[in-house]
Amino acid sequence: MGNLFQGYVSETFYDEMFEPNGDVRGHYERLLARYTGMSSEEFQKKRDLADNAFLTQGVTFTVYNDQEGTERIFPFDLIPRIIPRGEWEHVERGLSQRITALNLFLHDIYHDQHIVRDGIVPAEIIHSAAHFRPEFMGFDVPKDIYIHICGTDLIRDQEGKYLVLEDNARSPSGVSYLLENRQAMKRVFPNLFSRYLVRPVDTYCLELLDVLRFIAPRGNPDPTVVLLTPGIYNSAYFEHSFLARTMGIEIVVGADLVAQEGIVYMKTTRGLKRVDVIYRRIDDDFLDPQVFRPDSVLGVPGIVDAYRRGNVSLANTIGTGVADDKVTYYFVPKMIRYYLDQDPILPNVETYLSHFDADRKFILENLENLVVKSANESGGYGMLMGPQSTAEQRESFRQAIEKNPRNYVAQPVIRLSRSPSFCDDHFEGRHIDLRPYILYGEKITIIPGGLTRVALRKGSLVVNSSQGGGSKDTWVLND
Amino acid sequence: MLSRVADALFWLSRYTERAENNARMMDVNLQLMLDVQPLTNHQHWESIIFTLEDTKLFDKLYPGIAGDAVVDFVTFERKNPNSIYSCIATARENARTVREQISVEMWEQINRMYLFFSSGDAKRLFQNSTYEFFKWILEGSQLFQGVTDATMAHDEGWEFIRLGMFLERADRTSRILDIKYHILLPSGEQIGGNVDTVQWMAVLKSCSALEPYRKHYRGQVVPWKVVEFLVKNQTFPRSILFCVDSLDFALHKITGVDRGDFQYKVEAERLSGKLLADLCFVTIDEIFRTGLHQYLDKMQGRLIVISKAIYKEFCEWLEEGETQGEEEEQEETQPTQFQEQKN
């Protein structure tokens with residue numbers, strides 16, 4: 001191995017690149033060949049090149065507490081994560097199966113709730129879900145599709161088996177980094193790229209636009225599609241702007257829209273222009289001050305009325321949050337069996353629900369060994385990392401669980417897989433996960449690979465951008 | 001295009017132009033102060049504030065009129081929405097909300113100017129050399145306008161930028177011309193004498209018009225010729241007529257109505273066409289008979305009406321924020337509020 005890999009150890013984690021005995025895995029051989037003989041300085045230069053490109057293009061995110069709105073570059077690691085073809089096909093099948101079940105589940109929950117009546121999912125789990133919208137019971141959505149865009153997070157355990165960590169069925173973000181990462185890799189390592197046959201990802205936006213057009217009201221073949229953003233102060237604004245521009249659609253804030261007589265319009269210099277489909281990156285809660293939070297200035301008064309009348313379609317629909325609730329997650333394998341009569345191809349991580357007495361007992365007795373999560377937090381907040389926690393932290397979680405048992409889940413600490421990442425001046429293993437993006441329209445389209453997120457801090461298992469995470473390009477091979 | 005975006009581009013342009021003009025005006029007047037006796041400086045500064053219509057605000061913020069206070073007020077004062085600093089800050093804020101519509105180069109330039117101003121560098125440069133300081137602002141603004149021309153598609157958004165720029169410029173030229181009215185000759189000096197001439201030259205310099213004037217008239221700097229040049233010249237890009245003609249042209253590009261045969265579709269076009277006709281056919285004699293100050297005052301009023309008509313036509317459904325002041329002749333500031341709620 002060249003200098004960069006000097007001292008590289010997999011320890012007992014599943015390493016993406018190396019076998020436990022230190023041999024390089026077949027699909028990483030060409031990568032190793034390229035990096036062997038590269039000095040740390042050369043690699044550093046490549047990294048600077050990539051960072052500069054990101055800076056100039058403004059590929060950034062904003063951390064919530066920033067007053068001045070300083071934008072940060074989402075740290076990018078130059079060693080790609082490579083997935084051989086067969087492995088990916090397995091993942092793809094699992095993801096397709098899963099999103100089909102989720103959409104069937106949502107349809108069922110908002111209609112006759114057979115899955116509850118047949119005793120598979122307890123009624124109280126549904127009704128106590130923070131994002132369940134009972135106001136939409138019996139409401140039919142275009143083409144019966146609830147989740148059009150889903151980001152499902154996958155991890156690998158010690159044996160390298162892919163497990164589903166969670167689904168993100170409301171407003172999953174990150175795909176813009178994925179697309180920009182690919183651009184960066186092509187620019188910085190063009191030769192490496194040509195040694196592999198990597199499946200392209202550039203068609204994502206076209207596919208997304210197809211899905212959005214597909215769900216137009218009354219099958220309108222030429223709908224006006226817009227992207228609704230909370231605005232420039234939102235941490236994911238770069239992505240909103242990027243997607244709108246790449247799809248060639250208008251990006252709007254709530255104030256640009258007006259609902260009159262059940263139709264949504266854009267305020268343009270030539271008058272009001274009708275809007276048919278809205279890709280909304282705003283939470284249900286902020287969507288319509290007449291229906292949800294009355295203090296929201298981000299939404300459009302009357303938009304829900306237009307939605308109910310079938311005059312405007314929303315992607316994703318209202319109420320999908322009941323499907324990405326961390327407690328509902330527990331039931332997804334059961335959903336797959338119930339609706340599809342199949343075994344789940346991608347298993348869940350073993351999960352305990354404090355809602356169930358037996359599980360709760362187990363959780364409270366094993367806090368220091370478990371990862372405990374609050375049902376509705378995201379970004380890595382509201383979480384207890386058992387093995388790293390203090391007695392006070394565990395005590396406060398114990399009290400919270402006993403006070404509100406419906407609201408917590410626990411999982412064993414998974415020894416997440418690692419991938420070599422550039423740290424200071426050499427490579428070290430860092431924990432990663434994978435977020436593929438699944439589009440559900442006329443057909444299911446899954447972007448090859450997805451966003452590989454890296455926990456850049458040594459030993460950290462938290463990959464979210466707001467807490468020190470970064471990302472890698474993900475290569476699905478075509479051979 | 002979205003009304004909000006058109007509005008943001010319009011004001012981005014107006015505020016950049018305003019910053020540039022204020023810088024030029026400050027620069028010239030500071031130099032003028034050096035040429036003329038200090039006794040009259042008080043009046044001079046007073047008149048600058050008066051023409052900028054900021055007397056009320058100035059009196060509120062500063063105890064008395066002194067040169068330093070005025071310079072500070074016009075250049076750096078954050079509480080003055082029309083200070084050079086505030087203009088650049090507001091322009092940048094507008095640019096931020098429409099980053100998709102402007103080119104990368106435009107954003108980088110306006111951002112650069114803002115970052116410079118909000119760091120301590122601006123004040124330091126000003127203290128070291130006011131000449132360099134104002135030159136920096138001028139060049140920054142000119143670069144922005146040049147980059148806009150060269151890198152932005154000349155589409156509807158670009159026309160709104162032109163609209164804002166020329167409307168603001170017409171207004172600024174009229175105010176600069178008006179300063180002279182307020183600057184009285186020190187007692188003992190003759191009309192047409194040296195001091196008077198120097199003051200008129202300063203007016204021209206404030207519009208970057210001294211050399212173009214000389215090229216056109218080839219003679220002494222004479223009041224009625226200065227007025228003619230700055231109000232009615234057809235080719236000088238800062239004359240009021242040139243500006244109104246350009247903004248009328250931009251309006252017609254936006255509405256798609258041909259300019260021939262005096263056609264118009266919207267109220268704003270009717271008003272700009274009317275103003276343009278007045279400018280083409282008014283004589284200097286008529287202007288002086290009305291009174292230069294009165295004429296310019298009326299001009300500013302008409303420009304404000306045009307600006308409001310533009311807003312009404314293209315953006316009337318945007319929520320009105322608070323507007324400053326009740327008088328018709330107030331300096332215009334942007335009506336729309338920025339949405340600040342974080343998700």
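Helix packing and chain contact in a predicted model

Modeller: In this predicted model, H14(B) and H16(B) cross in a left-handed sense.

Colleague: What makes H14(B) roughly antiparallel to H16(B)?

Modeller: The axes of helix H14 (residues 267-281) of chain B and H16(B) cross at roughly 160 degrees and come within 8 Å. Angles over 145 degrees count as roughly antiparallel, so H14(B) is given that description relative to H16(B).

Colleague: Which residues make the contact?

Modeller: H14(B) contributes Glu267(B), Ala268(B), Leu271(B), Ser272(B) and Leu275(B). From H16(B) come Arg302(B), Val305(B), Ile306(B), Ala309(B), Ile310(B) and Glu313(B). By class, the contact of H14(B) with H16(B) has 7 nonpolar, 1 polar and 3 charged residues.

Colleague: Why is Gln300(B) called buried?

Modeller: Gln300(B) has 22 C-beta neighbours inside 10 Å. The cut-off for buried is 20 or more, so Gln300(B) counts as buried. Gln300(B) sits in helix H16 (residues 292-315) of chain B. Its C-alpha atom is separated by 8.2 Å from that of Arg175(B), 125 residues apart along the chain.

Colleague: How many residues does each chain give to the contact between chain A and chain B?

Modeller: Chain A gives 22 residues and chain B gives 19 residues. On the side of chain B that touches chain A, helix H1 (3-35) and helix H5 (84-97) of chain B are the elements that give two or more residues. H1(B) supplies the largest share of that side, 3 residues.

Colleague: What classes do the residues on that side of chain B divide into?

Modeller: The side of chain B that touches chain A has 8 charged, 6 nonpolar and 5 polar residues.

Terms used:
Residues are numbered from 1 along each chain as its sequence is written. Chains are lettered from A and ligands numbered from 1 in the order in which they are written. This is a predicted model: local features need pLDDT of at least 70, side-chain atom pairs count only at pLDDT 80 or more; totals for chains, interfaces and linings use all residues. Two residues are in contact if their C-beta atoms, placed from the backbone, lie within 7 Å. Helices (H or I, at least four residues) and strands (E, at least two) are DSSP runs, numbered from the N terminus. Ala, Val, Leu, Ile, Met, Phe, Trp, Tyr, Cys and Pro count as nonpolar, Asp, Glu, Lys and Arg as charged, and the others, Gly among them, as polar. A residue is buried if 20 or more other C-beta atoms lie within 10 Å of its own, exposed if 12 or fewer, and partly exposed in between; C-beta atoms are placed from the backbone. Axes are lines fitted to C-alpha atoms, for helices over the stretch in contact, and angles run from 0 to 180 degrees between N-to-C directions. Angles under 35 degrees count as roughly parallel, over 145 as roughly antiparallel, 65 to 115 as roughly perpendicular and the rest as oblique. A crossing is left-handed if the near helix is turned anticlockwise from the far one by less than a right angle, and right-handed if clockwise.
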